[in-house]
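User: Hello! I am new to this structure and would like a close look at one part of it: the charged side chains and where they sit. Could you walk me through them?

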Amino acid sequence: MKKEVKDTIISELGELINQYPHFYLVDVTGMDAKATSDFRRKAFQNEVKAVVVKNKLLIKALDAAEKDYSALYDCLKGNTAMLFTQTANVPAKILKEYKDTTPTLKAAYAEESIFVGADKLAELAALKSKNELIADVIALLQSPAKNVVSALQSGSGTIHGLLQTLGERAE
């Protein structure tokens, strides 16, 4: 491969690393064409960009990045694919479907943390996305208002009924 081609690949990988806040390194050894096609289709449907990379070129791209990714270098052996995503837990959920077969997780950079090893897959899948966290906060904020509204309705709309209903509720 010519140096110009390598430089282009390194710069494109660098752009992807900077563009996406989360990425996974996956071992794709042993995947045939059908399995690879199926895996890429699932990734695409879940807005995950899958790219097969050369390890040495990836190391150069990671070196050029603004953050320190040196903890990932030991994982870069064998066939490696990168999964780029905007939502940290989506690739982990896809990989869980392939539990005991390939592809397997080598490492991940998610939520500004580095996860190394296939045993971290459950932890990555359990991470909540930004939208899920916002929904949880909104549900928590709505809960007291719903209690007051239901107390008003069950207390026949009178102050005495409201106080009695709220007083009888277990906290």
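Analyst: Happy to. A salt bridge here is a side-chain nitrogen of Lys or Arg within 4 Å of a carboxyl oxygen of Asp or Glu. With that in hand, a search of the whole structure turns up 2 salt bridges. Please keep in mind that this is a predicted model.

Let us begin with the pair inside a helix. Lys3 and Asp7 meet through their side chains in a salt bridge, at 3.3 Å from N to O. Both residues belong to helix α1, which covers residues 3-19, and they are 4 residues apart, about one turn of the helix. Why does that spacing suit a pair? An α-helix has 3.6 residues a turn, so residues three or four places apart point the same way. As for their surroundings, Lys3 is exposed, because its relative accessible area is 58%. Asp7 has 39% relative accessibility, so Asp7 counts as partly exposed.

The other pair is Lys42 and Glu97, whose side chains form a salt bridge of 2.8 Å, N to O. Lys42 lies in helix α2, while Glu97 is in the loop between α4 (90-96) and β4 (104-110), so this pair ties together parts that are 55 residues apart in sequence. Lys42 is partly exposed, with a relative accessible area of 24%, whereas Glu97 is exposed at 52%.

Now follow the helix that holds Lys42. Helix α2 runs over residues 33-45, 13 residues in total, and reaches 18 Å from its first C-alpha to its last, close to the 18 Å expected at 1.5 Å a residue. Just after α2 comes Glu47, which takes a positive phi of about 60°. Glu47 sits in the loop between α2 and β2 (49-53). What makes that angle worth a look? Most residues other than glycine have a negative phi. Glu47 has a positive value although it is a residue other than glycine. Its relative accessibility is 67%, so Glu47 counts as exposed.

Another glutamate has such an angle: phi of Glu112 is near 60°, again a positive value in a residue other than glycine. Glu112 is placed in the loop between β4 and β5 (113-116), and Glu112 is exposed, with a relative accessible area of 68%. Glu111 is found in the loop between β4 and β5 too. At a relative accessible area of 41%, Glu111 is partly exposed. The C-alpha atoms of Glu111 and Thr87 are separated by 9.2 Å, although these residues are 24 residues apart along the chain.

One more acidic residue, Asp27, can be placed through a glycine. The C-alpha atoms of Asp27 and Gly78 are separated by 7.2 Å, with their positions 51 residues apart along the chain. Gly78 belongs to the loop between α3 and β3 (80-85) and is exposed, with a relative accessible area of 54%.

Finally, turn to lysines that gather on the surface. Lys6, Lys54, Lys56 and Lys60 make up a patch of positive charge there. To join such a patch, a residue needs over 30% relative accessible area and no salt bridge. Lys56, one of the group, has 70% relative accessibility, so Lys56 counts as exposed. Lys56 is part of helix α3, residues 55-64.

To retrace the tour, you can start at the pair Lys3 and Asp7 in helix α1, move to the bridge between Lys42 and Glu97, and end at the lysine patch on the surface.

Technical notes. Residues numbered from 1 in each chain as written. Predicted model: local features only at pLDDT ≥ 70, side-chain atom pairs only at ≥ 80, totals over all residues. Heavy atoms only, no water. Patch = residues over 30% accessible without salt bridge, like charges linked within 9 Å, V, L, I, M, F, W, Y side chains within 5 Å. Areas by Shrake-Rupley, 256 points an atom, 1.4 Å probe, with all protein chains shown as cover. Lys, Arg positive; Asp, Glu negative; His and termini not counted. Charge placed at Lys NZ, Arg CZ, Asp CG, Glu CD. Helix = DSSP H or I, 4+ residues; strand = E, 2+ residues; numbered from the N terminus. Buried < 20%, exposed > 50% of the residue type's maximum accessible area, 1.4 Å probe, protein only. Expected span 1.5 Å × (residues − 1).
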